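Colleague: I am new to this structure and would like a close look at a single part of it, followed outward into its surroundings. Please take your time over the answer.

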Amino acid sequence: MTQAHPTLKPLSAPATQPAGLAALRRQIALLEKLSQAGMGGPATTRALTWGLNAIDLHLPGGGLALGALHEFAGHGPDLEEASLAAAAVARLMGRRQQHGNGSTLWIARQRDLYARALPERGVDPDRLLHLRIKRNADALWAMEEALRCAGLNAVVAEISALDLTQSRRLQLAAEKSGIPALVIRRGGRADQLRHLGSQPIAAVTRWRIGPAPSLGIEALPHPALPGAPRWQIELWRCRGGRPGTWLIEEHEDGWREATIPQPVSGALADRPLVAPAPSAAEPGIKRAAG
């Protein structure tokens, strides 16, 4: 008669997981989400695209991840106001409305959102909710709460101060809902905004957008008209990707990648595109025998 073995009890899982393990699992889940965004299906439904192949193909997943936090800041003379960054976000919101349902929430701290210019960037004013608050803490709270609303397709907030803990809360809220969270860094002091690079946050991408010189009058086909507005777009932090810089032009139909004209010597500039065929009368040229 054999002796029965005692029943082995399963090992119980620990009540609490280490903080490092939980953070690692969140990072792996985010990387899987980014990799799935680039596989199968159009990029417009899986990512928020710029509409510029040079930028979209550079980003993991073909664009901005939907369930993630993205930061936009000014550059150069536009550092404090970040007006071009706000204009870029508005055009991104227009593309988001074209490829998705729901409304967009824009949380602002200043009264300078020009509603009449929004349709020019593809934004439907009837699908835009504008919330104006005074304190930076209120903007962070409103953004985190809004990311839990399933009826929104994107949440934009103008934020001056943002630390690592606050950005992690926004990133986690965006991951759970799948709603893109776009932060515009403006409204703070210029000396604080200059040190954005030394402030680590949990944003998946971090952008700097500033003005760039347009083409000179002598390089334009019609010198009486000014050149198209040009922007310098810099991706200086990208999780799972590489930094990059692009020079773009703004036109009525959207953005396009700008070209940089190169000087040409006078001898080359005056030369015809196609050399004339040699004639038999020219000296030194013999006609081939038939």
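In which strand is Leu-64 found?

Modeller: Leu-64 is found in strand β2, which covers residues 64-65; helices (H or I, at least four residues) and strands (E, at least two) are DSSP runs numbered from the N terminus. The model is predicted, so that local features need pLDDT of at least 70 and side-chain atom pairs count only at pLDDT 80 or more, whereas totals for chains, interfaces and linings use all residues. Numbering starts from 1 along each chain as its sequence is written, and side-chain values use heavy atoms, with hydrogens and water left out.

Leu-64 counts as buried because its relative accessibility is 1%, where buried means under 20% relative accessible area, exposed over 50% and partly exposed in between (1.4 Å probe, protein chains only). Along the chain Leu-64 and Arg-46 are 18 residues apart, and their C-alpha atoms are separated by 8.9 Å. If its neighbours within four places in sequence are left aside, Leu-64 is in contact (heavy atoms within 4.5 Å) with Ala-47, Leu-48, Trp-50, Leu-59, His-70, Phe-72, Leu-92, Thr-205 and Trp-207.

Three names in that list, Trp-50, Phe-72 and Trp-207, lead on to the aromatic rings. The structure holds six aromatic pairs; rings of Phe, Tyr and Trp (its six-membered ring) pair if their centres lie within 6.5 Å, and planes under 30 degrees apart count as stacked, over 60 as edge-to-face and the rest as tilted. One of these pairs is formed by Trp-50 and Phe-72, which are tilted, with 6.3 Å from centre to centre and 50° between the planes. Because Trp-50 lies in the loop between β1 (47-48) and α3 (53-56) while Phe-72 lies in strand β3 (residues 69-74), this pair ties together parts that are 22 residues apart in sequence. Both Trp-50 and Phe-72 are buried.

A further pair, also tilted, is made by Trp-207 and Trp-246, at 6.4 Å centre to centre and 35° between the planes. Here Trp-207 belongs to strand β8 (residues 205-212) and Trp-246 to strand β10 (residues 244-251), so the pair ties together parts that are 39 residues apart in sequence. Trp-207 counts as buried because its relative accessibility is 0%, and Trp-246, with a relative accessible area of 9%, is buried as well. These four residues, together with Trp-231 and Trp-255, form one aromatic cluster.

The three aromatic contacts of Leu-64 appear again in the nonpolar interior. The largest nonpolar core (a set of buried Ala, Val, Leu, Ile, Met, Phe, Trp, Tyr and Cys residues joined through side-chain atoms within 4.5 Å) has 36 residues, and those with the most contacts inside it are Trp-50, Phe-72, Met-93, Trp-106 and Trp-207. Two or more residues are given to this core by each of α4 (83-98), β4 (103-108), β6 (152-159), β7 (181-185), β8, β9 (230-238) and β10, and α4 supplies the largest share, nine residues. Apart from its neighbours within four places in sequence, Phe-72 is in contact with Trp-50, Leu-64, Ala-85, Val-89, Leu-92, Leu-182, Val-183, Ile-184, Arg-185, Trp-207 and Ile-209.

A second, separate core has 23 residues, including Met-143, Val-155, Leu-170 and Ala-174. Met-143 is one of the buried residues of helix α5 (residues 136-146), where Asn-136, Ala-139, Leu-140, Ala-142, Glu-144 and Ala-146 are buried too. Among the elements that cover the buried residues of α5 are β4, β5 (128-132), β6, α6 (164-177) and β7.

Returning to strand β8, Gly-210 also has its place there, and this glycine is buried because its relative accessible area is 1%. Gly-210 and Arg-230 stand 20 residues apart along the chain, with 9.0 Å separating their C-alpha atoms. Beyond its neighbours within four places in sequence, Gly-210 is in contact with His-75, Leu-84, Trp-231 and Gln-232, and Trp-231 belongs to the aromatic cluster.

As a setting for these details, the protein chain has eight helices and 11 strands, and 39% of its 290 residues count as buried. Among the contacts in the protein chain between residues at least 6 apart in sequence, 69% join residues at least 24 apart.
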